[in-house]
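Colleague: I am new to this structure and would like a friendly tour. Could we look at it together?

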2 protein chains.
Amino acid sequence: MSTAEETTGGEVEPWEQVTPDAARRLLVAAVEAFAERGYHATTTRDIAGRAGMSPAALYIHYKTKEELLHRISRLGHDKALDILRTAARREGTATERLSDAVSSFVRWHAGRRTTARVVQYELDALGPAARAEIVALRRQVDAEVRGIIDDGVAAGEFRVPDVQGTTLAVLSLCIDVARWFNVDGPRTPEEVGTLYAGLVLRMVGAEPAAPAQR
Amino acid sequence: MSTAEETTGGEVEPWEQVTPDAARRLLVAAVEAFAERGYHATTTRDIAGRAGMSPAALYIHYKTKEELLHRISRLGHDKALDILRTAARREGTATERLSDAVSSFVRWHAGRRTTARVVQYELDALGPAARAEIVALRRQVDAEVRGIIDDGVAAGEFRVPDVQGTTLAVLSLCIDVARWFNVDGPRTPEEVGTLYAGLVLRMVGAEPAAPAQR
DNA sequence: GCCGAAGGTGAGCGCTCGCTTAGAGCGGCC
DNA sequence: GGCCGCTCTAAGCGAGCGCTCACCTTCGGC
């Protein structure tokens, strides 16, 4: 059904599009390091070390440390937007599409928490040009969710007094999963996705009977 | 440049308990700098400069840069916990208390966004001992909210299948306000607080009729 | 008028940062 | 074989970091 084959246990590393191999290893190492300690607290020596290379090797594949963050942020936002678009543009009622969108978006933020953390919380470390590019992607993310809610209101499925505010809250709720989700905690990404889909349907005043689609 | 006499929503600067005066000025400067650029990207020279002092003056009042963050985090969590406790322990129905708790908690995260940002997002920069102390405070925050929801379920006001998961989601929603709230944006802290209180009541399945308290 | 404590400064130490440079290793093509 | 181009390393540069030190100023108590 959904082309985005998210199967958060045993998931394929999503960086296969990054070549050559050394560049990908560096990028994966940077994602881990940025997620653990934050962009500013991560040294280029640490990144290169995690990738099994000398500090200088980083600069063969990336001009600066910031370019690494930019690439990660860009790829991550592309992926997040793709997940939401897939859910938003399937056929089905607005209730089904919103449930699908939230549960898959949350699954990604929980299951690929390291990536999501970097993507969502290190935006301010980018320079003005790169940040503007990412902010434009975020506006598209917002538009997808708002579109589903608009549809639901128009169809009489949802009762939402403030569509823009509710959109903001729904996205905020999903994104913050990347901050608190603990891989060793009691919940799987699947469970959090299901829980959150139910909570969001309540937030928009939808009928609580939503079949566990996906 | 900007005087520290911000009174966002009639609220008094909450640092009056910090003495002497120079120590308070340094602390306020550190809050601003940490919120703007993050702990690791902030230099001690920047903090001292904002407070109108030489770099060495910082070390008369604080042993290290980390102690500054620790003090800010401690005071901020104390304040957040105090806000929630006040709402949780007033008299009234669970619906009224939850509405009050969410709206006041959100008002604080929006109105005192700089402080909230540091408090909520720079936890990882603390050492193990200081972090453990703050984590204990967060557990108390969680317990206050869970207590209200428990009461509402017991009283038949709420329908909540997963109390712990819903508590987590409610707190997550409120906390993330500090990430996205924009002082120059279209919403006041009051408005966001009211919006969020309504959304949270829907999340717990409460009757939507909630009087707009205070 | 003198003293000690408290609060401040200018200079700078030792270190680590992001990044650069000179050159080595090596596979592919003529 | 000779050479090129790509990948990578060892060494290290200039800058800026957190923090310290020797010294100065102010001020209440006697």
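What follows is a short conversation about the chains, the DNA strands and two residues.

Colleague: Before we start, what kind of model is this?

Modeller: Residues are numbered from 1 along each chain as its sequence is written, while chains are lettered from A and ligands numbered from 1 in the order in which they are written. Side-chain values use heavy atoms, without hydrogens and water; local features need pLDDT of at least 70 and side-chain atom pairs pLDDT 80 or more, whereas totals for chains, interfaces and linings use all residues, and the model is predicted.

Colleague: What kind of axis relates chain A and chain B?

Modeller: Let's superpose the copies by least squares on the C-alpha atoms of residues with pLDDT of at least 70 in both. Chain A then lies on chain B with an RMSD of 0.1 Å, after a turn of 180° and a shift of 0.0 Å along the axis. That is the relation of a two-fold axis.

Colleague: How much area is buried between chain A and chain B?

Modeller: In contact terms (heavy atoms within 4.5 Å), 30 residues of chain A meet 30 residues of chain B. Buried area is the accessible area (1.4 Å probe) that two parts lose on being put together, summed over both. Carbon and sulfur atoms give 55% of the area here, and the total is about 2,500 Å².

Colleague: Which three residues supply 25% of the area that chain A buries against chain B?

Modeller: No other three residues supply as much of the area that chain A buries against chain B. They are R179(A), R202(A) and M203(A).

Colleague: Which elements give two or more residues to the surface near DNA strand C?

Modeller: A residue is near a strand if one of its heavy atoms lies within 4 Å of it, and 16 residues surround DNA strand C. A polar side-chain atom of R45(A) is 2.9 Å from a base nitrogen of this strand, while a polar backbone atom of T42(A) is 3.0 Å from a phosphate oxygen of DNA strand C. Counting helices as DSSP runs (H or I, at least four residues), numbered from the N terminus, the elements are helix 2 (44–50) of chain A and helix 3 (58–61) of chain B.

Colleague: Which residues come nearest to DNA strand D?

Modeller: There are 16 residues around DNA strand D. Polar side-chain atoms of S54(A) lie as little as 2.8 Å from a phosphate oxygen of the strand, and an N or O atom in the side chain of H61(A) is also listed at 2.8 Å from a phosphate oxygen there. The nearest are S54(A), I60(A), H61(A), T43(B) and Y59(B).

Colleague: Is D142(A) buried or exposed?

Modeller: D142(A) sits in helix 7 (residues 128–154) of chain A and touches Q164(A), T167(A) and L171(A), leaving out residues up to four places away in sequence. On the scale used, buried means under 20% relative accessible area, exposed over 50%, and partly exposed in between (1.4 Å probe, protein chains only). Because its relative accessibility is 12%, D142(A) counts as buried.

Colleague: Which side chain does a polar contact of 3.2 Å join to that of H70(B)?

Modeller: H70(B) belongs to helix 4 (residues 65–88) of chain B and is partly exposed, at 21% relative accessible area. Beyond four places in sequence, H70(B) is in contact with L126(B), A130(B) and E133(B). A polar contact is a pair of N or O atoms within 3.5 Å; within protein, one must be able to donate a hydrogen and the other to accept it, and residues adjacent in sequence count only if both atoms are side-chain atoms. The partner at 3.2 Å is E133(B).
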